[in-house]
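Visitor: Please put the model up. I would like to know what stands behind each label.

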Amino acid sequence: MSELKQMDYSNLQSLHRKAKEDFDAIKQENLSLDMSRGKPSAEQLELSLGLLNTVNAENIGDNFSVLNYGLVDGIPEAKALFKEILEVNTEEILIGGNASLNLMHDIISKALIKGVLDSETPWGKQDKIKFICPVPGYDRHFKICEQYDIEMISVDMLEDGPDMDKVEELVRDDASIKGIWCVPKYSNPDGITCSDEVVERLAKMETKAQDFKIFWDNAYVIHDLTDNPPSLKNILEECKKHGNPNRVFMFASTSKITFPGSGVAVVAASKENIDFIKSQLSVQTIGPDKVNQLRHVRFFKNYDNILEHMKKHAEIMKPKFDAVLNILDSKLGSYGIATWTEPEGGYFISLNTLDGCAAEVVSLAAEAGVKLTGAGAAFPYGKDPRDKNIRIAPSFPSLAEVEKAIEVLSICIILVSVNKLL
C-alpha cells in the first residue's frame with residue numbers, strides 16, 4: 001500500500017469502491033456501538049462492588065460523626081488517604097461530593113460572584129473574563145466557561161503540554177485572563193503528560209492578573225496502562241517555590257476508580273485557599289456525604305491498595321487500547337490520511353484526519369451504527385477550526401465491540417479521505 005496522495009485516479013477509485021462495499025455490508029449488521037464517552041465498563045465497576053458492603057448498620061461502629069452534621073471539608077480518614085494521590089498535606093485538601101467537575105464549577109461560579117482569595121473585585125463585576133483553553137481539551141471544562149460567558153482562548157497542546165511560549169505571552173499582557181484549564185497527566189483526549197519544564201513555567205510565569213488561577217484537573221493521576229508510567233511534577237510545591245502558593249487548584253476524584261455515580265471528589269490547594277473555600281462552602285452545606293467517604297476509606301485502607309486496584313483496571317483497559325492502535329495501524333497506517341496518539345494511560349486516544357474530514361467521518365460512522373464523540377467537542381464552542389480531531393473512548397464497550405467499532409471508523413476515514421482527494 002502507498003499514501004493516498006501518491007495514488008493515481010484509477011487506484012483511488014478502486015480503493016473507494018472496496019471501502020464502500022465494506023461500509024454497505026456493515027450497515028446491514030444493524031450495529032449499535034457507543035464510543036462517545038469515557039465511561040468505565042461493567043467489568044471495571046465490578047472491581048468495586050465490595051465497597052458497598054463496607055458500611056452498614058451492623059458495622060458502623062462508633063463512627064456516628066459521619067452520620068451527623070459537620071466536617072464540611074471531609075472526614076480526617078478520607079483526607080489522610082486521598083492526600084497521597086495528589087501529594088499534599090492534610091490541611092491542603094478538601095473532600096467533596098462525588099464529582100470533581102462540581103468542585104470546579106462551584107469555584108468558578110463563586111469567583112464570578114465573590115472573587116477568589118486574591119481578587120480585588122469579583123470576576124463577574126469586571127468587563128471581560130477570559131480563560132486559556134489548551135486544545136484539544138476536555139469539553140466539560142469548556143462548557144463551564146461557555147455557560148458563564150467566559151471568553152475562551154485556544155492554545156495548542158504540544159508533546160509536553162500547553163504551548164508555554166503562547167501561554168506566557170497571553171497572561172503577561174492581559175489582566176482579563178483569569179485562568180487556564182489543564183489536564184496534566186494523560187490529557188483528554190491526547191494522553192499527554194506535562195513535562196517538568198511546563199509545570200515549572202506555569203508555576204513561575206508572570207501574570208497581569210494578580211488573581212490568575214490554574215485549574216489542574218488531575219483526573220487520570222493514577223490511571224496508568226504501563227508499568228513505567230511518566231512522572232508528573234507537583235505543581236503546588238512549584239508554585240510555593242516560586243512565590244505563587246495560591247495560584248493553583250488541584251482536582252481529582254474516584255469517579256473512574258470506583259463508581260462514577262458515587263465516587264469521592266477532592267480539591268487540593270494552599271492552606272489559605274482551602275480555608276477560603278471552606279468559609280464559602282460552610283454557607284452552602286452543612287456537610288458532604290461522609291458515609292460514602294468512610295466506605296472508600298474502609299475499602300481501600302491505604303494508598304498502596306488503591307494502586308493495586310488500578311492495576312486491575314489497567315488489565316481491563318490496556319487490551320482495548322492495544323486493539324484500537326493495532327487496527328488503526330493495520331487499516332490506515334500506510335495511507336497517510338490519519339494520525340493518532342499512543343497514550344500510556346488515561347481514557348482516550350486522539351485521532352486526527354485530513355483537514356475538513358472529521359465531522360463527515362463521525363456522521364458516516366453513526367450511519368453505520370457506531371456513536372463517537374462529536375467532531376469539534378474537544379475545542380471551545382464545539383468548533384474545531386481544522387475539522388480534523390476525533391476523540392476515541394475505548395473503555396465502555398467490550399473488546400470485541402471496540403475492535404468492530406475501530407474497523408468501522410477506519411472504513412469511514414478511507415471513504416471520506418478518498419472522496420476529498422478525488
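Visitor: What makes up the area that the protein chain exposes?
Guide: The chain exposes about 18300 Å², by the Shrake-Rupley method with a 1.4 Å probe. Carbon and sulfur atoms supply 47% of it. This is a predicted model: local features need pLDDT of at least 70, side-chain atom pairs count only at pLDDT 80 or more, and totals for chains, interfaces and linings use all residues. Residues are numbered from 1 along each chain as its sequence is written, and side-chain values use heavy atoms, without hydrogens and water.

Visitor: What share of the 422 residues is buried?
Guide: Buried means under 20% relative accessible area, with a 1.4 Å probe and protein chains only. By that cut-off, 55% of the 422 residues are buried.

Visitor: Why is the protein chain called as compact as a globular protein of its length?
Guide: Its radius of gyration, taken over C-alpha atoms, is 23 Å. The globule rule is 2.2 Å times the number of residues to the power 0.38. For 422 residues that gives 22 Å, and 23 Å is close to it, so the label holds.

Visitor: Which strands are the edge strands of the open eight-stranded sheet, and what makes them so?
Guide: The order is β2-β9-β8-β7-β6-β3-β4-β5, with mixed pairing. Strands are DSSP runs of E, at least two residues, numbered from the N terminus. The edges are β2 (93-95) and β5 (161-162), as each pairs on one side only.

Visitor: How do you know that β8 and β9 pair?
Guide: Pairing needs at least two DSSP bridges. Strands β8 (248-253) and β9 (265-268) have four, in the antiparallel sense. One bridge partner in β9 is Val266, for Ala252.

How values were computed. Buried < 20%, exposed > 50% of the residue type's maximum accessible area, 1.4 Å probe, protein only.
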